[in-house]
Amino acid sequence: MCGIVGYVGFREAYPVLVKGLHRLEYRGYDSAGVALVNGNALNIYKTKGKVSRLERFAETQNVGGNIGIAHTRWATHGEPNDVNAHPHCSESGTLAIIHNGIVENYAVLKAALVENGYTFRSCTDTEVMVQLIEYVRSSNGCTLLEALQIALRQVVGAYAIALIDKNDPDRILAARRSSPLVVGLGNDEYFLASDATPIVEYTDKVVYIDDGEIAVIDRGKPLRVVNFDNVESTFDVRRLEMSICQLEKGSYPHFMLKEIFEQPSTIRDCIRGRINIEADRVTLSGAFDNRERFLAAQRIVIVACGTSWHAALIGEYLIEEMCRIPVEVEYASEFRYRNPVIHNSDVVIDLSQSGETADTLAAVELAKSKGAFIFGVCNAVGSSIPRATDSGAYIHVGPEIGVASTKAFTGQVTVLAMLALTLAREKGSIDREQYIATIRHLVQLPQLIEGALKLDGQIRELSKIFTYARNFLYLGRGYNYPVALEGALKLKEISYIHAEGYPAAEMKHGPIALIDNEMPIIVIATADSLYDKTVSNIEEIKARGGRVVAIVSEGDTVVRGIADYVLEVPQAPEPASCIVSTIPLQLLAYYIAVNKGRNVDQPRNLAKSVTVE
Ligand code: F6R
């Protein structure tokens with residue numbers, strides 16, 4: 001939530017900053033702003049609304065200067081308006097700051113500053129930080145770096161910040177605690193950002209700043225990293241593996257549609273090097289290398305949020321079925337605050353696309369402090385969760401930019417399937433036939449998904465019938481229950497239509513009362529071991545006048561005879577099948593949202609990377 005960008009070098013800073021903001025807009029998009037030092041002027045332009053609004057506003061302004069910082073906001077303290085937009089300026093007008101995170105003790109700090117004569121223009125916690133830094137500097141007569149170090153020792157909360165001083169036009173100071181911060185190293189120039197997407201165009205060399213560290217970024221000098229006690233830290237320079245075309249929409253109208261259609265290739269990337277089809281062998285090395293720890297575990301706990309939590313539920317079914325190890329799935333936000341029982345023999349898997357979700361990261365820290373072994377399954381390379389875990393596996397689906405998660409979900413399920421297979425083989429809890437058959441179906445997944453994507457035109461037409469429905473129910477059983485939850489989440493987040501996912505058999509314990517011919521009911525009824533039972537559930541709906549859209553396996557005749565509409569997907573056994581069934585649900589949500597004129601890639605109130613609790 002909130003994206004920060006910075007630049008110091010020989011280029012004009014403004015175009016670099018604005019382009020960077022566009023790349024980070026998925027993190028928040030309710031206001032945007034930029035601060036530039038030009039000569040001895042500090043120019044700040046900021047406005048409510050999207051980055052494009054900032055650009056229109058800045059067209060007539062002086063945007064010169066080759067050092068600057070910029071911000072795209074997802075509001076926490078203070079409504080989205082021009083005044084609360086970042087950057088925020090100190091009382092004297094000398095310092096400007098941008099911030100991603102939350103200052104928890106801002107009220108106490110603010111009261112003390114007010115007592116010392118400081119006045120505040122905005123309602124933000126961020127303005128408190130910049131005023132505090134200025135106050136410390138002027139009252140101690142110290143350097144800005146020293147003032148920052150002293151101030152940050154007083155700040156409680158999460159932050160990635162960047163700070164510039166109009167009297168020092170060659171330096172950016174940037175610090176982090178619990179919010180991401182990356183510095184890009186160019187030739188005679190530096191970039192900084194919340195993730196690498198604004199940087200990749202200029203350099204592939206980056207440094208991930210750690211918690212409690214400050215990057216001292218000086219024009220023409222080597223990067224320095226120090227902690228709050230001014231002790232120098234060593235750092236690794238990493239190479240980015242991202243490419244620019246992954247960050248652009250290409251010929252697609254939205255990132256979400258591009259990402260849905262990318263799934264055959266993202267699944268190929270996800271399994272590449274992990275499945276050896278000649279040898280009928282799958283090795284997820286992070287799990288294989290730690291197999292003793294996994295196999296000695298009394299239980300595995302998977303913690304996640306949102307879509308990742310749905311993937312975790314499928315992981316639970318897979319690991320329990322193949323490995324016979326008990327698995328619990330927890331919402332990270334509940335887990336971290338409910339004093340859970342965690343043994344040092346437990347394995348905790350943290351599942352997160354962004355690798356930055358604040359609650360999931362806090363769950364990692366909690367489980368770690370109790371001695372559990374922590375395994376991360378993430379997408380964003382170099383993000384905070386993979387760096388905090390003992391071991392893990394990337395899903396390798398490339399940057400996901402649409403706020404609604406699509407390709408990350410299918411990548412997460414695929415990695416969890418490979419993890420279950422790796423452990424099951426080591427444990428001897430899976431018979432060879434099932435092991436080989438499951439591997440072969442994972443290898444076929446890209447073609448199976450291609451088959452499901454052929455439904456695109458049919459779903460586009462079908463979506464027109466349901467555009468104005470006010471409620472949807474999604475039903476599935478077994479592996480398809482989490483798929484139903486995921487289908488409902490996709491619809492509600494991008495179309496703003498109320499939708500609920502339910503285990504199909506639970507319908508008769510309550511939701512059956514909702515059935516009428518107004519509410520579409522999407523049922524996943526593919527050919528699996530629970531098929532007959534799902535068919536009975538469809539009969540129950542039809543007996544009450546409900547309208548059913550069924551996702552069925554190719555060649556199905558039974559459901560075709562009962563349901564109002566059917567969408568046929570290629571037939572596959574679990575877990576490949578539940579991945580394939582997800583595709584039409586993603587497309588249906590997408591087209592309904594488009595029909596309603598919604599901003600599919602940036603739905604209201606949401607942000608891609610939830611770095612606040
Ligand atoms: C839904 C969605 C969110 C995320 C959730 C967790 O489409 O994207 O529900 O799944 O915020 O995010 P990560 O996986 O980054 O931890």
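## Pockets, sheets and domains

Counted by class, the residues lining the second largest pocket are 11 nonpolar, 10 polar and 7 charged. Here Ala, Val, Leu, Ile, Met, Phe, Trp, Tyr, Cys and Pro count as nonpolar, Asp, Glu, Lys and Arg as charged, and the others, Gly among them, as polar. Please keep in mind that this is a predicted model, where local features need pLDDT of at least 70, side-chain atom pairs count only at pLDDT 80 or more, and totals for chains, interfaces and linings use all residues. Residues are numbered from 1 along each chain as its sequence is written, and side-chain values use heavy atoms, leaving out hydrogens and water.

Let us stay with the second largest pocket. A pocket is found on a 1 Å grid over the protein atoms alone, as an open set of points with protein on both sides within 12 Å along at least five of seven lines; a cavity is a set where a 1.4 Å probe fits but cannot get out, and lining residues have an atom within 4 Å of a point. Grid points are joined across faces, edges and corners, and a volume is the space filled by probe spheres set on the points. The second largest pocket has 28 lining residues, and Cys305, Gly306, Thr307, Leu489 and Val610 lie nearest its centre. Helices (H or I, at least four residues) and strands (E, at least two) are DSSP runs numbered from the N terminus. H10 supplies the largest share of this lining, 5 residues, while H10, E19, helix H12 (358-369) and helix H17 (480-495) each supply at least two.

The protein chain is assigned domain 1 (3-246), domain 2 (250-450) and domain 3 (456-595), with bounds from an automatic or database domain assignment. Domain 2 and domain 3 both contribute to the lining of the second largest pocket, so this pocket lies between them. Helix H17 also holds Tyr481. Contact means heavy atoms within 4.5 Å; beyond its neighbours within four places in sequence, Tyr481 touches Leu313, Tyr317, Gly476, Tyr502 and Pro503. Its C-alpha atom is 8.7 Å from that of Ile314, although the two residues are 167 residues apart along the chain.

The table sets out the spaces side by side.

| Space | Volume | Nonpolar lining | Polar lining | Charged lining |
|---|---|---|---|---|
| Largest pocket | about 920 Å³ | 17 residues | 13 residues | 14 residues |
| Second largest pocket | about 610 Å³ | 11 residues | 10 residues | 7 residues |
| Largest cavity | about 50 Å³ | 2 residues | 7 residues | 2 residues |

Now to the largest pocket. Its lining consists of 44 residues, with Met242, Asn379, Ala380, Val381 and Pro399 nearest the centre. Two or more lining residues come from each of strand E11 (205-208), strand E14 (238-239), helix H7 (263-271) and helix H13 (384-388), and H7 gives the most, with 3 residues. Domain 1 and domain 2 each provide at least three residues of this lining. The centres of domain 1 and domain 2, taken over C-alpha atoms, are 33 Å apart, and their contact takes 11 residues from each.

Two open sheets complete the tour. Strands are paired when DSSP finds at least two bridges between them. One sheet has 5 strands in the order E18-E17-E19-E20-E21, paired in parallel. Strand E18 (327-331) and strand E21 (391-394) are its edges, each pairing on one side only, and the twist averages 20° from one strand to the next. Axes are lines fitted to C-alpha atoms, for helices over the stretch in contact, and angles run from 0 to 180 degrees between N-to-C directions. Strand E17 (residues 300-304) is joined to strand E19 (residues 347-352) by 4 bridges, with Ile300 opposite Val347. Helix H10 (residues 306-323) lies across E17, E18 and E19, at about 175° to E18. Helix H14 (residues 407-427) packs on this sheet too, touching E19, strand E20 (373-378) and E21, at about 155° to E19.

The other sheet has 6 strands, ordered E5-E6-E7-E8-E12-E13 with antiparallel pairing; its edges are strand E5 (88-89) and strand E13 (224-227). Strands E7 (residues 157-165) and E8 (residues 171-177) share 5 bridges, and Ile164 has Ile172 in E8 as its bridge partner. Helix H4 packs on this sheet against E5, E6 and E7, making about 130° with E6.

Strand E6 (95-103) and helix H4 (125-140) each give two or more residues to the lining of the largest cavity. Its lining residues include Trp74, His99 and Asp125, and the whole structure has 3 cavities of 30 Å³ or more.
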